[in-house]
Amino acid sequence: MSDLQSTKNKKGKEYGDNLAGFIMSSPAIILLIAFLIIPIIYTIYYSFFTYQVVRPDNIQFNALGNYIKLFKDANFYVALKNTVYFTVIVVPVQCSLALILALMVSRKKRGVAVFRTLYYSPQITSMVIIAVLWTILYNSNANTGLINAFLKSIGLQPIDFLNNPKTAMNAIIFMSAWQGAGYQMMIFIAGLNAIPTEQYEAASVDGADWFAKLIYVTLPGLINTIKYVLMITLIQAMKLFTQPYIMTKGGPRNATKTLVFYIYEQGFQKGNFGYACSIATVFFIIVVILSIVVKKISKTN
């Protein structure tokens with residue numbers, strides 16, 4: 001009888017723990033369903049319709065019409081190319097910069113906390129504000145643009161960063177890597193603090209210099225952190241919108257038009273809500289596939 005009673009008490013405790021866990025997590029679950037799952041379902045649903053925002057009463061089912069139009073749309077491929085270019089460049093640059101900063105400020109020296117705050121501060125500042133400030137910095141007028149004023153002071157010609165198709169996206173990449181590196185830096189610092197100091201002490205006993213410690217202790221100890229940082233940076237890079245919207249409006253000549261910007265343009269500027277939903281659905285599939293591939297590659301490695 002005592003064993004039976006003990007089993008019942010154990011099951012009752014497990015049930016209570018599960019119920020308490022569900023109740024505590026229910027607000028997050030409700031918000032996830034309301035602001036993620038349901039919008040995804042509606043986006044896929046409306047992608048099969050011709051739906052003009054200004055005519056919400058005139059919705060017509062057109063099956064795969066939006067998708068056929070999409071894969072014949074030259075602007076879609078331009079936006080896809082720009083998104084891929086931005087992602088391929090900014091992810092390694094931003095992650096490398098974040099790792100270098102983390103290595104610099106992880107040492108216990110006077111004033112390190114101040115530098116951590118300075119490096120992280122762009123991350124907590126609104127991207128809209130930063131984009132406006134960098135638009136001023138990039139101004140082609142040497143009397144207004146601080147960067148071109150510096151170039152002029154050393155005898156170089158001013159560069160029209162944001163109005164030249166060859167430099168506009170690279171200018172946004174530079175600004176984005178600078179702005180986002182602080183967040184990844186803090187993650188790398190947490191990863192560095194998790195590496196046992198005994199490993200560095202053993203490496204010092206073996207006569208390893210700082211570079212050998214970096215290669216054989218630090219980087220192997222950060223491998224899981226690096227995978228995580230690469231994944232979140234990749235996803236964030238694919239969602240580029242604010243910078244080109246504020247700084248270039250997708251120009252010049254579509255040089256900075258990304259997939260998210262194109263979704264906004266079609267859905268909210270031109271009112272082609274159904275077509276915008278089809279672009280968003282394809283974009284969602286691309287991001288999911290890319291995330292799965294990167295995850296599998298990282299597991300294999």
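**Close-up views of a predicted model**

**View 1. Thr248 in the loop between α11 and α12.** Thr248 is placed in the loop that runs between α11 (242-247) and α12 (259-269). The model shown in this and the following views is predicted. With a relative accessible area of 12%, Thr248 is buried, since buried residues are those under 20%. Leaving aside residues up to four places away in sequence, Thr248 touches Leu162, Ile172, Gln243 and Thr256. With one of these residues, Thr256, the side chain of Thr248 also makes a polar contact of 2.6 Å.

**View 2. Backbone features of the loop between α11 and α12.** Pro252 is placed in the loop between α11 and α12. The peptide bond that joins Gly251 and Pro252 is cis, with omega at about -5 degrees. Arg253 has its place in the loop between α11 and α12, and its phi is near 55 degrees, a positive value in a residue other than glycine. Asn254 also lies in the loop between α11 and α12; its phi is positive, at about 65 degrees, although Asn254 is not a glycine. Arg253 has a relative accessible area of 75% and is therefore exposed, the term applied to residues over 50%. Asn254, with a relative accessible area of 26%, is partly exposed.

**View 3. The packing of helix α4 on helix α7.** Helix α4 comprises residues 112-124 and helix α7 comprises residues 168-193; the two pack at an angle of about 125 degrees, with their axes 6 Å apart. The helices α4 and α7 are therefore oblique to each other, because an angle over 115 degrees that is not over 145 falls outside the parallel, antiparallel and perpendicular classes. The crossing of α4 and α7 is left-handed. On the α4 side, the residues in contact are Arg116, Tyr119, Tyr120, Pro122 and Gln123. On the α7 side, they are Trp178, Gln179, Gly180, Gly182, Tyr183, Met185, Met186 and Ile189. Sorted by class, the contact of α4 with α7 has 8 nonpolar, 4 polar and 1 charged residues.

**View 4. Arg116 of helix α4 and its surroundings.** Arg116 is found in helix α4 and is among the α4 residues that meet α7. Its relative accessible area is 26%, and Arg116 is therefore partly exposed. Residues up to four places away in sequence not being counted, Arg116 touches Val105, Ser106, Met185 and Ile189. Of these, Met185 and Ile189 are among the α7 residues in contact with α4. A polar atom of the Arg116 side chain lies 3.2 Å from the backbone oxygen of Val105. Arg116 can also be placed relative to the loop of View 2: from C-alpha to C-alpha, Arg116 and Asn254 are 37 Å apart in space, and they are 138 residues apart in sequence.

**View 5. The buried residues of helix α9.** Helix α9 spans residues 210-221, and its buried residues are Ala212, Lys213, Leu214, Val217 and Thr218. The elements against which these buried residues pack are α3 (74-105), α7 and α8 (197-205). Helix α7, shown in View 3 with α4, thus appears again here as a partner of the buried residues of α9.

**View 6. Thr218 within helix α9.** Thr218 is placed in helix α9 and is one of the buried residues of that helix. The relative accessibility of Thr218 is 5%, so Thr218 counts as buried. When residues up to four places away in sequence are not counted, Thr218 touches Leu103, Leu192, Ile195, Tyr200 and Lys213. Lys213 is itself among the buried residues of α9. The side chains of Thr218 and Tyr200 are joined by a polar contact of 2.8 Å. Thr218 and Ile130 are 88 residues apart in sequence, and their C-alpha atoms are 33 Å apart in space.

Terms used:
Residues numbered from 1 in each chain as written. Predicted model: local features only at pLDDT ≥ 70, side-chain atom pairs only at ≥ 80, totals over all residues. Heavy atoms only, no water. Axes fitted to C-alpha atoms, helices over the stretch in contact; angles between N-to-C directions. Helix = DSSP H or I, 4+ residues; strand = E, 2+ residues; numbered from the N terminus. Parallel < 35°, antiparallel > 145°, perpendicular 65-115°, else oblique. Left-handed = near helix turned anticlockwise from the far one by under 90°. Contact = heavy atoms within 4.5 Å. Nonpolar A, V, L, I, M, F, W, Y, C, P; charged D, E, K, R; others polar. Buried < 20%, exposed > 50% of the residue type's maximum accessible area, 1.4 Å probe, protein only. Polar contact = N/O pair within 3.5 Å; in protein donor to acceptor, adjacent residues only side chain to side chain.
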